[in-house]
Amino acid sequence: MCTLNMDKKKLTERDICTKYILPAVKQAGWDIHSQIREEVSLTAGRVIVRGQMGARSKGKRADFVLYHKPNLPLAVIEAKKNTLSIAAGMQQGLNYADLLEVPFIFSSNGDGFIFHDKTGLSPAVEQELSLDEFPSHDELWSKYQQWRGFKPQELATITQDYYEDGSGKSPRYYQMHAINKTVEAIVRGQERALLVMATGTGKTYTAFQIIWRLWKAGVKKRILFLADRNILVDQTKTNDFKPFGSAMTKITGRKVDTSYEIFLSLYQAITGPEEEQKAYKSFSPDFFDLIIIDECHRGSAADDSAWREILDYFTSATHIGLTATPKETEEVSNTTYFGDPVYTYSLKQGIDDGFLAPYKVVRVDLDTDLLGWRPTKGQYDKNGELIEDRIYNQSDFDRTLVIEERTQLVAKIVSDHLKATDPMAKTIVFCQDIDHANRMRQALVNENPEQVNKNRKYVMKITGDDPEGKAELDNFIDPEQAYPVIATTSELMSTGVDAVTCKLIVLDQNIKSMTKFKQVIGRGTRINEDYNKLWFTIMDFKKATELFADPDFDGDAEVVYVPTVGGSTVPPDDQAEIEDRDLGIDEYYHSVNERPSKYVVKGVTVNVLSERVQYIGSDGSLITESLKDYTTKTVKQTYATLNDFLRKWNNADQKQAVIQELEEQGVIWQALEEDVGKDYGAFDLICHVVYGQPPLTRKERANNVLKRDVFTKYGEQARKVLEALLEKYADEGITPIEDISVLKVQPFSDMGRPIEIIKNFGGRAQYQQAVKDLENVLYSASNS
């Protein structure tokens with residue numbers, strides 16, 4: 001323990017960690033290199049969208065995590081300053097323990113520990129321990145094994161090392177759970193397992209670690225990884241599975257080399273309708289003892305699926321299904337085949353943790369879609385076909401009837417949005433079918449002549465039937481390649497495409513399947529901070545986002561926005577899914593019916609028809625209300641009355657902290673500024689919109705302060721600084737004047753160095769008090 005003569009009350013939280021907690025843990029015998037980690041980041045911090053910018057909120061970080069060995073955590077220690085009680089960190093520690101699923105939690109302020117034991121194997125759930133009484137690793141590991149019900153013969157595999165590449169990369173907490181729980185299930189004899197992990201959360205990396213640990217433990221010796229698209233197999237082999245090296249091969253022909261241990265294959269490469277195409281029979285039925293089925297929602301769980309015959313042939317192997325969207329219908333059920341998921345990590349969890357990108361939704365309703373369109377009696381289409389006399393609605397457009405003006409309007413709205421935000425933002429436009437994708441490509445080309453003149457690949461159709469378009473898929477998903485920018489597609493890009501910099505997803509396709517909806521949304525959920533991709537926008541022309549209201553949907557939107565007629569899109573019937581496959585699995589098993597002819601009409605006036613904003617409620621249901629009502633409800637959840645808000649605002653050391661808190665609770669400052677006025681500060685926006693108070697602009701508040709001549713107690717130079725701060729407030733708001741670094745910019749830099757300016761007030765503390773006094777006058781009752 002620390003024996004230095006010092007006032008413990010003056011130590012920081014980090015000092016308490018290094019001088020008291022860490023020595024106590026080490027003294028109990030814990031290995032500093034393999035069993036103790038300090039300041040462990042558990043989540044990245046949710047991305048908060050501010051207008052066209054994204055910023056992270058604070059992530060969750062544990063002061064200490066104790067392990068049996070890397071990636072097998074046992075305990076959390078939460079530290080607090082010595083001015084707080086010994087138990088002050090317990091609730092925070094319990095929160096972190098829930099994330100890590102560990103039973104032992106310690107809170108300490110440096111005087112000792114409060115020990116919380118969830119196993120039920122201690123005399124009391126919580127007890128106080130001195131610094132010298134911290135439990136040893138062996139004591140906690142023994143209790144942990146009893147709590148989890150581990151058997152001696154299981155331990156070698158359960159504790160098998162993860163693969164480490166020396167870079168320090170370790171699995172995120174949810175990946176660790178998915179890996180550990182799957183390995184434990186298999187060790188305990190479970191023959192089928194399902195892992196549900198949202199798109200973009202690292203399913204293949206998770207699969208690699210599962211295979212690596214089982215392979216190295218000798219439990220599974222020959223493994224088959226199955227996918228249904230070439231790009232998925234190639235990405236897996238080149239990236240996450242690379243450490244398998246020469247033990248791994250990709251099955252490419254009908255002849256199979258059985259000398260390898262790790263096999264990757266397309267379903268289509270090893271099976272087919274003809275007996276000679278069933279290359280999987282080159283292996284004996286008991287050759288593989290583990291099969292991983294990637295994107296298992298796409299058919300392997302259907303009893304009559306051709307892919308399923310592979311699984312039935314290797315029936316003695318353990319089958320692990322990976323999916324972001326388990327399919328549950330009367331015909332297809334992942335859980336019937338695999339059982340309930342071993343572990344689930346949802347889209348909502350991923351967004352909340354900051355590992356996935358949040359999104360805005362722009363809802364665009366067209367009059368023809370909502371009101372329908374009916375031909376005149378005896379009307380012929382562009383191709384001379386008599387149009388059936390009935391009302392055509394949203395489900396018909398681009399499926400049985402094409403209105404050329406509708407396609408052109410959609411292309412214009414998408415292009416206008418990109419021009420107003422970022423013309424080079426990677427964009428995927430999901431169309432009804434390949435024909436629609438082709439027409440949409442042409443319409444987008446015509447709307448963006450300048451960009452197309454710069455590079456003809458600004459807009460590309462990327463569909464399964466188009467070799468030139470498919471050849472550009474790698475360039476589209478490569479962050480370092482600027483082109484193509486806009487990709488029109490129907491099905492090819494709906495799954496398995498890691499478009500990490502995709503910032504706009506356009507839905508002009510009827511989507512009624514929750515499985516498909518989640519997959520499509522997943523094209524944008526990856527974060528790439530190097531390329532400023534922290535959030536994305538969904539532009540919906542076909543009401544697909546009504547699925548947000550479905551109880552099966554698990555990821556709420558930041559905001560769902562419907563532009564006014566003619567306004568900017570910048571916010572403040574089930575059908576057969578004809579999937580484009582790399583090797584055309586549909587060609588093997590289905591004779592694709594001839595597409596029904598489409599009527600093509602021209603000369604129809606199509607307009608935007610909507611004037612409302614929609615939001616996702618806290619329960620995930622879609623609600624419609626005004627910005628005022630939404631903001632009032634959001635703010636009053638914390639500050640029920642004006643006095644409550646004023647008390648918090650006036651007592652806050654920094655007003656920016658209140659502004660940030662309200663933003664994290666859902667207040668959309670940019671939208672409020674656009675609705676009420678950009679000249680009003682956060683304080684007046686809330687008082688006016690939520691509590692009905694008459695607002696003052698920042699300039700009016702600043703002028704009122706000047707009229708009162710409140711700077712007389714300061715010297716001449718200090719008065720000039722305060723007057724400049726007041727002007728800065730009038731121009732930019734409260735945030736800059738609370739940051740002492742403002743003294744480094746003009747006009748303050750002309751007055752001297754920051755240290756010289758501060759001396760005019762008598763020191764740093766006096767300067768900060770002067771700023772606080774200025775704020776008090778700005779927001780005093782006499783200035784309202």
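**Entry 1: a pair of helices**

I began with α13 and α14, which are oblique to each other because their angle falls in none of the ranges set aside for roughly parallel, roughly antiparallel or roughly perpendicular. I note at the outset that I am reading a predicted model. Looking up the geometry behind that label, I found that the axes of helix α13 (residues 404–420) and helix α14 (residues 434–447) come within 9 Å and cross at roughly 50 degrees. I recorded the crossing of α13 and α14 as right-handed.

I then listed who makes the contact: from α13 there are Thr 407, Gln 408, Val 410, Ala 411, Lys 412, Val 414, Ser 415 and Lys 419, and from α14 there are Arg 439, Met 440, Ala 443, Leu 444 and Glu 447. Sorting the residues of this contact between α13 and α14 by character, I get six nonpolar, three polar and four charged.

**Entry 2: the six-stranded sheet**

I next followed an open sheet of six strands, whose order I wrote down as β1-β4-β5-β6-β7-β8, and whose pairing is mixed. The edges are held by β1 (36–41) and β8 (126–129), and since each of them has a single partner strand, one side of each is left without a neighbour in the sheet. On average, neighbouring strands of this sheet are turned by 30 degrees against each other, direction ignored.

Within the sheet I looked at one pair in detail: strand β4 (residues 61–69) and strand β5 (residues 72–79) run antiparallel and are joined by five bridges. In this pair I found Lys 69 opposite Leu 72 in β5. I also checked what lies against the sheet, and found helix α1 (residues 13–27) packing on it, in touch with β1, β4, β5, β6 (104–108) and β7 (113–117), while the direction of α1 makes about 15 degrees with that of β4.

**Entry 3: the seven-stranded sheet**

I turned to another open sheet, this one formed by seven strands in the order β11-β12-β10-β13-β14-β9-β15, with parallel pairing. Here β11 (248–250) and β15 (343–345) stand at the edges, and because each has a single partner strand, one side of each lacks a neighbour in the sheet. I noted an average turn of 15 degrees between neighbouring strands of this sheet, direction ignored.

The pair I examined was strand β10 (residues 223–227) with strand β12 (residues 262–266), which run parallel and are connected by five bridges; in this pair, Ile 223 stands opposite Ile 262 in β12. Lastly, I found helix α5 (residues 173–187) packed on this sheet, where α5 touches β9 (192–197), β14 (318–323) and β15, and its direction makes about 165 degrees with that of β15.

Terms used: Residues numbered from 1 in each chain as written. Predicted model: local features only at pLDDT ≥ 70, side-chain atom pairs only at ≥ 80, totals over all residues. Heavy atoms only, no water. Pairing = 2+ DSSP bridges. Helix = DSSP H or I, 4+ residues; strand = E, 2+ residues; numbered from the N terminus. Axes fitted to C-alpha atoms, helices over the stretch in contact; angles between N-to-C directions. Contact = heavy atoms within 4.5 Å. Parallel < 35°, antiparallel > 145°, perpendicular 65-115°, else oblique. Left-handed = near helix turned anticlockwise from the far one by under 90°. Nonpolar A, V, L, I, M, F, W, Y, C, P; charged D, E, K, R; others polar.
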